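Biologist: I should like to learn how to read the features of a structural model. Please take me through them in turn.

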Amino acid sequence: MDAFEKVRTRLETQPQEEYEIINVEVKHGGFVYYQEGCCLVRSKDEEADNDNYEVLFNLEELKLDQPFIDCIRVAPDEKYVAAKIRTEDSEASTCVVIKLSDQPVMEASFPNVSSFEWVKDEEDEDVLFYTFQRNLRCNDVYRATFGDNKRNERFYTEKDPSYFVFLYLTKDSRFLTMNIMNKMTSEVWLIDGLSPWDPPVLIQKRIYGVLYYVEHRDDELYILTNVGEPTEFKLMRTAADTPAIMNWDLFFTMKRNTKVIDLDMFKDHCVLFLKHSNLLYVNVIGLADDSVRSLKLPPWACGFIMDTNSDPKNCPFQLCSPIRPPKYYTYKFAEGKLFEETGHEDPITKTSRVLRLEAKSKDGKLVPMTIFHKTDSEDLQKKPLLVHVYGAYGMDLKMNFRPERRVLVDDGWILAYCHVRGGGELGLQWHADGRLTKKLNGLADLEACIKTLHGQGFSQPSLTTLTAFSAGGVLAGALCNSNPELLRAVTLEAPFLDVLNTMMDTTLPLTLEELEEWGNPSSDEKYRNYIKRYCPYQNIKPQHYPSIHITAYENDERVPLKGIVSYTEKLKEAIMEHTKDTGEGYQAPNIILDIQPGGNHVIEDSHKKITAQIKFLYEELGLDSTSVFEDLKKYLKF
């Protein structure tokens with residue numbers, strides 16, 4: 001709450017165009033490294049909340065428009081610090097390396113860096129490994145040294161364009177892992193953290209459908225993998241010198257309908273962060289005796305925020321929800337207890353309710369939903385409803401804290417998050433049941449969720465709105481074609497709406513990588529015909545539609561603007577035809593395409609976007625927005 005109050009104070013004293021929420025902080029040795037204003041700074045750990053800090057680098061030297069720090073890594077002996085710097089209107093990034101001395105100086109800068117990590121070689125020389133991103137693909141790994149022995153060389157190139165590479169340093173810094181992955185398959189190489197110039201060691205050659213991630217402790221590898229039955233994630237282990245798959249021993253299995261959010265390794269414990277049946281849990285595994293302690297977390301919590309932590313005695317993390325700011329929790333291994341941050345209790349806990357319901361899809365599958373509304377709301381059937389959906393890539397719906405969602409609930413809105421198939425909320429099988437030729441399951445789930453909400457007294461079609469971003473636009477757009485009468489208005493951000501034509505264009509940077517999610521319509525008629533059944537662009541027809549507000553970004557590489565513009569033009573033509581056929585008195589829906597400059601994909605904290613979307617929803621439902629914008633000023637400076 002202290003951090004949240006600082007954010008609020010800063011928001012109220014700075015113009016909106018100068019403000020961006022930053023939450024990048026790294027503790028190393030006795031210092032904390034973070035961004036302060038336009039500078040990379042560090043301060044002593046005990047002084048981190050004061051203004052007593054040392055400026056290491058001024059971001060304005062890069063001559064970028066409103067730069068911010070996305071990631072920080074400190075070299076083992078603190079001779080160097082590396083920071084990845086981005087801007088809000090682009091996915092491109094620059095990695096700067098700062099030499100730490102009495103007069104810190106920029107030693108080097110590398111463009112288009114994705115992941116990066118430090119190790120130290122046998123001569124106590126710091127070595128920076130980093131991946132180079134080109135056209136949204138990370139296929140090259142480089143390693144660089146600085147000072148008197150400066151060099152920069154390519155270390156690895158992945159030749160299969162459907163795979164990407166990212167780097168991860170094990171918690172004990174013993175190994176740097178080079179992870180080569182696509183949507184379905186992974187391969188991991190170990191780079192010795194003590195001898196980084198030695199050739200890397202392959203753990204297990206890629207096997208189609210097998211995913212695995214690696215941690216290390218006491219000469220053993222702990223491997224989170226979906227190998228074996230059931231094809232959900234399980235924890236296995238093997239000796240570090242015999243890493244191949246035939247040596248993996250089963251160590252811990254998850255319950256059915258469980259999503260593994262993250263894993264953290266400590267000296268004597270392994271901590272698993274889980275979502276089981278739409279509720280959050282922490283499992284603490286004692287590595288000395290294989291004991292397991294499962295902790296059910298507060299029912300209001302919808303998401304974890306992991307803390308970068310080097311304290312072997314404690315495991316800190318934050319919990320959050322769309323309407324509640326993050327709150328700190330710490331599991332203390334010595335006491336075997338979870339401790340909650342004390343202090344001011346957020347009033348939203350008493351003024352709102354969180355419900356977890358299920359809708360029955362047409363094939364009988366139960367689809368979880370998370371619902372928020374004011375505690376004292378009367379006659380919920382007359383309240384406006386905002387439905388959220390995603391349902392792709394095995395990714396969960398974003399349920400991090402959003403001030404505008406908090407304000408909507410305070411103003412009487414009902415929020416419903418529909419965890420449909422294609423997402424990952426119930427594990428890997430939940431994703432498998434909503435991809436390729438099962439994508440229509442996600443649409444059926446979304447329809448069932450909205451009908452269930454109406455049937456149980458949550459709002460009505462004339463007050464129901466839907467929001468989605470990126471690939472969530474597929475299901476949102478499909479619902480507008482198949483059941484437009486369920487909705488009054490829709491907001492979409494950078495939506496994927498022209499699936500067929502996009503997936504047939506192999507010149508686009510992500511087409512090959514996306515084949516595992518949508519199928520290959522260019523070479524397989526089965527996928528081409530199936531995509532035609534749900535693709536929003538392909539199924540536009542003269543009929544009544546809800547009003548739709550679309551935010552798109554001019555140079556978005558992930559969802560090309562061309563497809564969004566084509567969808568909008570075709571939709572407007574169909575509406576005009578329907579209006580003409582219906583005759584006088586018909587109120588045509590509003591279709592708004594708001595094209596923003598820049599090359600980013602989704603700008604979550606854009607105040608301009610937030611304002612436009614809320615204004616659109618209130619106007620379409622005929623609601624007075626005066627109070628909601630007054631309340632938003634508590635969080636955002638307009």
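Biologist: In what order do the strands of the open sheet of 4 strands lie, and what is their pairing?

Modeller: This is a predicted model, in which local features need pLDDT of at least 70 and side-chain atom pairs count only at pLDDT 80 or more, while totals for chains, interfaces and linings use all residues. Residues are numbered from 1 along each chain as its sequence is written, and side-chain values use heavy atoms, with hydrogens and water left out. Strands (E, at least two residues) and helices (H or I, at least four) are DSSP runs numbered from the N terminus, and two strands pair if DSSP finds at least two bridges between them. Here the order is 21-22-23-24, with antiparallel pairing. Strand 21 (258-265) and strand 24 (292-296) are the edge strands, each pairing on one side only. On average, neighbouring strands of this sheet are turned by 20° against each other, direction ignored; the axes are lines fitted to C-alpha atoms, for helices over the stretch in contact, and angles run from 0 to 180 degrees between N-to-C directions.

Biologist: How many bridges join strand 22 to strand 23?

Modeller: Strand 22 (residues 269-276) and strand 23 (residues 279-286) run antiparallel and are joined by 8 bridges. As an individual case, Cys-270 has Ile-285 of strand 23 opposite.

Biologist: Is Lys-259, in strand 21, buried or exposed?

Modeller: Lys-259 is buried, at a relative accessible area of 17%. Buried means under 20% relative accessible area, exposed over 50%, and partly exposed in between (1.4 Å probe, protein chains only). The side chain of Lys-259 is joined to that of Asp-396 by a polar contact of 2.8 Å. A polar contact is a pair of N or O atoms within 3.5 Å; within protein, one must be able to donate a hydrogen and the other to accept it, and residues adjacent in sequence count only if both atoms are side-chain atoms. Beyond four places in sequence, the residues that Lys-259 touches (heavy atoms within 4.5 Å) include Phe-273, Lys-275, Asp-396 and Glu-425.

Biologist: Which strands are at the edges of the sheet of 8 strands?

Modeller: That open sheet has the order 29-30-32-31-33-34-35-36 and mixed pairing. Its edge strands are strand 29 (352-360) and strand 36 (591-596), each of which pairs on one side only. Neighbouring strands of this sheet are turned by 15° against each other on average, direction ignored. Within it, strand 31 (residues 385-388) and strand 32 (residues 414-418) run parallel, joined by 4 bridges; His-388 has Tyr-417 as its bridge partner in strand 32.

Biologist: Across which strands does helix 6 lie?

Modeller: Helix 6 (residues 472-482) lies across strand 33 (464-469), strand 34 (489-493) and strand 35 (547-553), and runs at about 145° to strand 33. Of its 11 residues, 10 are buried, so helix 6 is largely enclosed by the rest of the structure. Among the buried residues are Gly-472, Val-474, Leu-475, Leu-479 and Asn-481.

Biologist: At what angle do helix 5 and helix 6 pack, and how far apart are their axes?

Modeller: Two packed helices are described by the angle between their axes and the distance between the axes. Helix 5 and helix 6 pack at about 65°, and their axes are 10 Å apart. That makes helix 5 roughly perpendicular to helix 6, on a scale where under 35 degrees is roughly parallel, over 145 roughly antiparallel, 65 to 115 roughly perpendicular and the rest oblique. The crossing is right-handed: the near helix is turned clockwise from the far one by less than a right angle, whereas anticlockwise would be left-handed. Helix 5 contributes Lys-439, Gly-442, Leu-443, Leu-446, Glu-447 and Ile-450 to the contact, and helix 6 contributes Leu-475, Ala-478, Leu-479 and Ser-482.

Biologist: With which side chain does that of Asp-445 make a polar contact?

Modeller: Asp-445 lies in helix 5 (residues 439-455), and a polar contact of 2.8 Å joins its side chain to that of Arg-421. Asp-445 is buried, with a relative accessible area of 0%. Leaving aside neighbours within four places in sequence, Asp-445 is in contact with Ser-361, Val-367, Val-420 and Arg-421.

Biologist: Where is Glu-378 placed?

Modeller: Glu-378 sits in the loop between strand 30 (366-374) and strand 31, and counts as exposed at 64% relative accessibility.
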